[in-house]
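Here is a report on disulfides and helix packing. Please look over the sequence and the structure first.

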Amino acid sequence: MVSAATGCRSTDQLVAINPFLSRRSAKNSDLNLAEIQASYDQSLSNDHLAVLGSQLTRELILNNYIRFMMASRASATPDILQGNFTSFGYFNAPSKTARNEYCKSTSKFAGAVLIGNIKNEAQSPPCGPGSSTIRIPLGYSLRGFAVPSANRFAQRLDLAALARASQKPDGARWSDLDPSWPKRRIRWLFSSQADFLADLRSVGIKPPARYQLAATYLSAYQNLGNHPDNLLLAPTNPGLSATLEGARFQILPLQTGPEGRTVAATADNLQSYPAQLVKGLYLYLNTKSANSCIIASFADFMLNHNATLMNENNAIPLPPAELRAASLALQNHQRSAPIGANSPTLCKAYAEYTKRNQHTPQQANNR
Amino acid sequence: MNRFSRRQLVQFVVCIALTLLLAVRFAEPSSAQARTETSGALASQQAIIAATKQIDPECDRFGRCLVNAKMVFASLDVERLTSSLDQPNNYTISGWFSLNWLPAAYPGWQPSNLALGCRSSGCRFSGWRDNFTEEISGRRFWTARFELEAQEADSFFAYPFDQHWVKVLIQSTTPSTDEFIHYIDLNSFSVELAPSLMQGRNSNFKVNYATLGQQANFFLRNASNKAVEAGAAPQQQRDSKSSQNASTDPSEASGKPVESDLIFPVSNDEYISTSISFHLVRRTPAALLMIATPMLLILFNTIMAFHWRENSPASRFGSSGLLTTVSLFFASRVFRPDVDQLVFSDVWFIVVFIVITINNVILVWLFRFYKHRSELKRVGTTIPPAWKTENRLSLISGSAVIGVIAALFLISLTMLRPPAIPIAFLAGNSNHDDVGASVVKVIERHELLPSEYLINMPPGSQRQD
């Protein structure tokens, strides 16, 4: 039924296969039915991969995949690029849902991009024991407490005092944190993009009964100035002020000990910032997936250019030791599944790219 | 021999000297031109970086000045998405398209360099209307109304429970616009549908989900390059680009972030296109109405004629056929694109025909039954009244109709289920291409609604993380 040369079926044959398809509907358009069927057939033979991930990591993954795609293709010769179409789709789901969906045995996703608690991720294997998934750390993101610029009294935030104050039945007041601050009630603001309830509980704060919820964390920062008593717990990043084009807010340094030492939410303080508020960005890679080498190549690209790509997309790059460990884990997987003549086009193109750029993170760090 | 050689030597030296002189004279302007071009490019890059630093003073620290400067933010607000019964594969999409960019990064660029298109050539774009432009903090905001008539090559299997992909391409009208399209930010690209559209007030369709993608196709550009300039040597350009890529990542070598645009330059050989696809599903009430109304009409007429016991079976057979034909014609003209489509590609009417045929067979049997009865009456045999048999047949016919409606309901439920991910994903994003690569953001139904930016959560409200 299928022509060996083109892989297309003729309209007559299609009508014979499906009695409900009319010739007229096929002729209605410039593209006839055979072409539609051919495109479906071609689509099915293409290399496609679906990745599930958090909305917070979408920018990072989409932007970096475009870089990866263009850099790989620029290195490949036309004979490698021809005769194949590769499509990469990013499906959106909160991290918890994404993890549950991805880890199902029937999952069709080739990978998942998750934001996780570092301690929890370190303790358990991805998707449980015996799973065919490997976990590649990509970088970090911080959660921060922010107040509007109109709030002139708060210059730091004592987490322990806030945790104590939150237990009060009528909710926390600013004066509970410092007697010199106003006796007004704290107005909580959160972003629906982050698991704020778990974040609050992780630092001992009881979630408030009444709060405002913003659709995105950027709109939360934009709306922070609505009231001077607003306090926002949301993801933060170094480029936030620039992204929001000068939205007026202040991210408070956290007082973590009784001696009054404070730590700001910056990349330099990754080690000293409260660990519960440091979130890891992880790529879960299904090694059994048909096109796993594309995701593995993409992960390799993000590790090789980790500092550039993470900084550019408002994430914190991996420290050198973690970068080395992640690269090693990925290389072990790649060694077990080498790229061959039948590998997807983008994998072969990326192999050409790496051949031209004989450069590994270890070499970069040794320099 | 010696004298001849000396003369030859002199000539040779003069020739070399002249050649060198000419080479230097011709080389000078070209190298000067190259120097001017390089310094011009650098100056323009510096101007772009300076403009970006006004918004993001720390962009140098994170190596994102150039990327931020070139980044284009866009949004598409769809107000109407309709399709007429006459031409169910033609869709009219109208709404607003907005852009936000840094004019310093694209000097001389105008929105008229962009157009909206679709997959097939049967596509009509109205042009940009009711433009509005404003400049805030050095960035330009532009918004305009559009109307696009997109023609899709669809099959109408399972019509009216048909599902379609309608693709809107953002196309350049000049080659220099390609870079602009490449820098459209996919993550922040907002695709929103008007509430009236989501509630089905002005459309029979609902948008199940949309996708937003960018596609690279080297062969498309390569082919058009060949067509435009026969002397061009893209492969040489590729090689030179590749040799640029061959340098190591200066960002990690120096320990300081470097602009990724300098590490991974965008290849001019790639044809970049950005597109938005809508997965349309006919709204269930509309689809059910399109099935139930004509089917009930036909069945009612058929059954009414069947049960008209005052007539003879022959007259009932005739009137049933006549009423069925009239109602069928009415149904086809009102609820289907054309009779051909109704008869040959509509599974529902095939089922209705089966019911009509059953009724007709019963009528034929009834004709024979009455004929047999009259024979029995003529010879004086005692026979039970005919209404008992008539009632039994009515019961059989009614049960068949109920069975058919139940079967259709089950089939409808199956057909209303959204397709599995890979097929839908590919169908929506394959641009009928077999070469190239694409990256796609999948936008689910809830993300297509205009969002409330801030909600007051009352006490006791439980939110699932």
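A disulfide here is a pair of cysteine sulfur atoms within 2.5 Å. The model is predicted. By that cut-off, a search of the whole structure finds three disulfides over all chains. When bonded cysteines are counted along chain A, its disulfides follow the pattern 1-2, 3-4.

**The disulfides**

| Disulfide | S to S distance |
|---|---|
| Cys103(A) and Cys127(A) | 2.0 Å |
| Cys293(A) and Cys347(A) | 1.9 Å |
| Cys118(B) and Cys123(B) | 2.1 Å |

Take the link of Cys103(A) and Cys127(A). It is left-handed, with -70° about the S-S bond. Cys103(A) lies in helix 6 (residues 95–103) of chain A, while Cys127(A) sits in the loop between helix 7 (118–123) and strand 4 (133–148) of chain A, so the pair ties together parts that are 24 residues apart in sequence. Are these cysteines buried or exposed, or partly exposed? Cys103(A) is partly exposed, at a relative accessible area of 29%. Cys127(A) is partly exposed too, at 27%.

Next comes the link of Cys293(A) and Cys347(A). It is right-handed, with 100° about the S-S bond. Cys293(A) belongs to helix 13 of chain A and Cys347(A) to helix 16 (residues 345–356) of chain A, so this disulfide ties together parts that are 54 residues apart in sequence. Both ends fall under the 20% cut-off for buried residues. Cys293(A) counts as buried because its relative accessibility is 16%. Cys347(A) is buried, with a relative accessible area of 0%.

In chain B, Cys118(B) is joined to Cys123(B). Cys118(B) counts as buried, at 7% relative accessibility. Cys123(B) is partly exposed, with a relative accessible area of 23%.

**Helix 13 against helix 15**

Two packed helices are described by the angle between their axes and the distance between the axes. Helix 13 (residues 292–304) of chain A carries Cys293(A). What is the crossing angle of helix 13 and helix 15 of chain A? The axes of helix 13 and helix 15 (residues 320–336) of chain A cross at roughly 155° and come within 10 Å. That makes helix 13 of chain A roughly antiparallel to helix 15 of chain A, because angles over 145 degrees count as such. The crossing is left-handed.

From helix 13 of chain A, the contact takes in Ser292(A), Ala296(A), Ser297(A), Ala299(A), Asp300(A) and Leu303(A). Helix 15 of chain A contributes Leu323(A), Ala326(A), Ser327(A), Leu330(A), His333(A) and Gln334(A). By class, the contact of these two helices has six nonpolar, five polar and one charged residues.

**Helix 4 against helix 16**

Helix 16 of chain A holds Cys347(A). Its partner in this contact is helix 4 (residues 58–75) of chain A. The two axes come within 7 Å and cross at roughly 75°. That makes helix 4 of chain A roughly perpendicular to helix 16 of chain A, because 65 to 115 degrees counts as roughly perpendicular.

Which residues of helix 4 of chain A meet helix 16 of chain A? They are Tyr65(A), Phe68(A), Ala71(A), Ser72(A), Arg73(A) and Ser75(A). In helix 16 of chain A they meet Leu346(A), Ala349(A), Tyr350(A), Glu352(A), Tyr353(A) and Arg356(A). By class, this contact has seven nonpolar, two polar and three charged residues.

How values were computed:
Residues are numbered from 1 along each chain as its sequence is written. Chains are lettered from A and ligands numbered from 1 in the order in which they are written. This is a predicted model: local features need pLDDT of at least 70, side-chain atom pairs count only at pLDDT 80 or more; totals for chains, interfaces and linings use all residues. Side-chain values use heavy atoms; hydrogens and water are left out. Axes are lines fitted to C-alpha atoms, for helices over the stretch in contact, and angles run from 0 to 180 degrees between N-to-C directions. Helices (H or I, at least four residues) and strands (E, at least two) are DSSP runs, numbered from the N terminus. Angles under 35 degrees count as roughly parallel, over 145 as roughly antiparallel, 65 to 115 as roughly perpendicular and the rest as oblique. A crossing is left-handed if the near helix is turned anticlockwise from the far one by less than a right angle, and right-handed if clockwise. Contact means heavy atoms within 4.5 Å. Ala, Val, Leu, Ile, Met, Phe, Trp, Tyr, Cys and Pro count as nonpolar, Asp, Glu, Lys and Arg as charged, and the others, Gly among them, as polar. Buried means under 20% relative accessible area, exposed over 50%, partly exposed in between (1.4 Å probe, protein chains only).
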